[in-house]
Amino acid sequence: MFFRVCALRLRTSATSLLCSSVGFQQFFSPLLHNATTITTMSSKVAVVTGGNKGIGKAIVQALCKEFRGDVYLTARDEGRGKEATASLSAEGLKVNFHQLDINDINSITQAADFFKQKYGGLDVLVNNAGIAFKVADTAPFSQQAEVTLKTNYFATRDMLTHFLPLIKAGGRVVNVSSFVSVRSLNMCSQELQKRFRSDDISEDELTELMTRFVELAKKDQHKQGGWPETAYGVSKIGVTTLSMIHARRLSKERPNDQILVNACCPGWVRTDMAGPKAPKSPEEGAVTPVFLATLPAGASQPHGKFVSDKTVQTW
């Protein structure tokens, strides 16, 4: 009799709790929250830096059509980023925006935390943001070297430092480089070429070499040091080599995760950076980066390569 009374009271209390709106919320709220969290965490996500114009915007546009998951257009300038996002939304594309300035370490860490909290990591990262001085620019070469390397190499490296650990199994990382990287590499001294092409160059050594170039450029001694007269080219040597270093590291440290990291050349594209005479449209320039970003599950190659026109190139 005692146990029947206890059971009856327990059922009555539970019924009263669930029938009241407050009780319902208290009882189910944690479950609903967890369900929502699980659903969100299971969503795939792709992030493109420098996505408010040119090749970056075209990459976002293509990913919105080809990638099964949420696509984020990121940009340094919030106003321009949201404007670009609105223009793509007007085309009927589902696109999200997040402010991200790769030259600001706080912006990088805040963005990394956002994607970690909301999605549990990333499935696709396209490091597209970069700069280039115009050929006719009168800024001293020392200044061009420092500014260009700061964004194209050092800031891209910062992005990878904070975002690479967030890449999920089966993820894809695409670092937008340039055919100028190969051309510039061939103009380096034999000693530099050997190091940039070596399988044992470390990230620290690469960073030391990029730093040395900037220091020599400030003294106008870069040519004597075996470097070419192109800050942009050297910065992209750094991006391509860094991609290969990270690919080797991931193969060693996360061999079963099938993450693919590559550098690519979109080609000579009509953008503010490359000028109006370039033969490719931004949409054509986006083809190779998007090809690498959407390599099918289970693919093992290309990995740690330099790719142009969807074809692995000699480094």
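Reader: Why is Cys 64 called buried?

Author: Keep in mind that this is a predicted model. Cys 64 has a relative accessibility of 18%, and buried means under 20%, so Cys 64 counts as buried.

Reader: And what makes Cys 265 buried?

Author: The same cut-off, under 20%, is used here. Cys 265 comes out at 2% relative accessibility, so Cys 265 is buried.

Reader: How do you know that Cys 265 is in no disulfide?

Author: The two sulfur atoms would have to be within 2.5 Å. For Cys 265 the nearest cysteine sulfur belongs to Cys 264, and that one is 7.4 Å away. Cys 265 is therefore not in a disulfide. The structure as a whole holds 0 disulfides.

Reader: Okay, on to the sheet. What makes β3 and β8 its edge strands?

Author: Each of them, β3 (96-99) and β8 (311-313), pairs on one side only. You can see it in the order of this open sheet of 8 strands, β3-β2-β1-β4-β5-β6-β7-β8, where the pairing is mixed.

Reader: How do you know that β2 and β3 pair?

Author: Pairing takes at least two bridges. Strand β2 (residues 70-75) and β3 have 4 bridges, so they pair, and they do so in the parallel sense. Look for Tyr 72, which stands opposite Asn 96 in β3.

Reader: Which strands does helix α3 touch as it packs on the sheet?

Author: Helix α3 (residues 54-66) touches β1 (45-48), β2 and β4 (122-127). Its direction makes about 165° with that of β1. Helix α6 (residues 141-163) packs on the sheet too, touching β4 and β5 (167-176). The direction of α6 makes about 175° with that of β4.

Key. Residues numbered from 1 in each chain as written. Predicted model: local features only at pLDDT ≥ 70, side-chain atom pairs only at ≥ 80, totals over all residues. Heavy atoms only, no water. Buried < 20%, exposed > 50% of the residue type's maximum accessible area, 1.4 Å probe, protein only. Helix = DSSP H or I, 4+ residues; strand = E, 2+ residues; numbered from the N terminus. Contact = heavy atoms within 4.5 Å. Axes fitted to C-alpha atoms, helices over the stretch in contact; angles between N-to-C directions.
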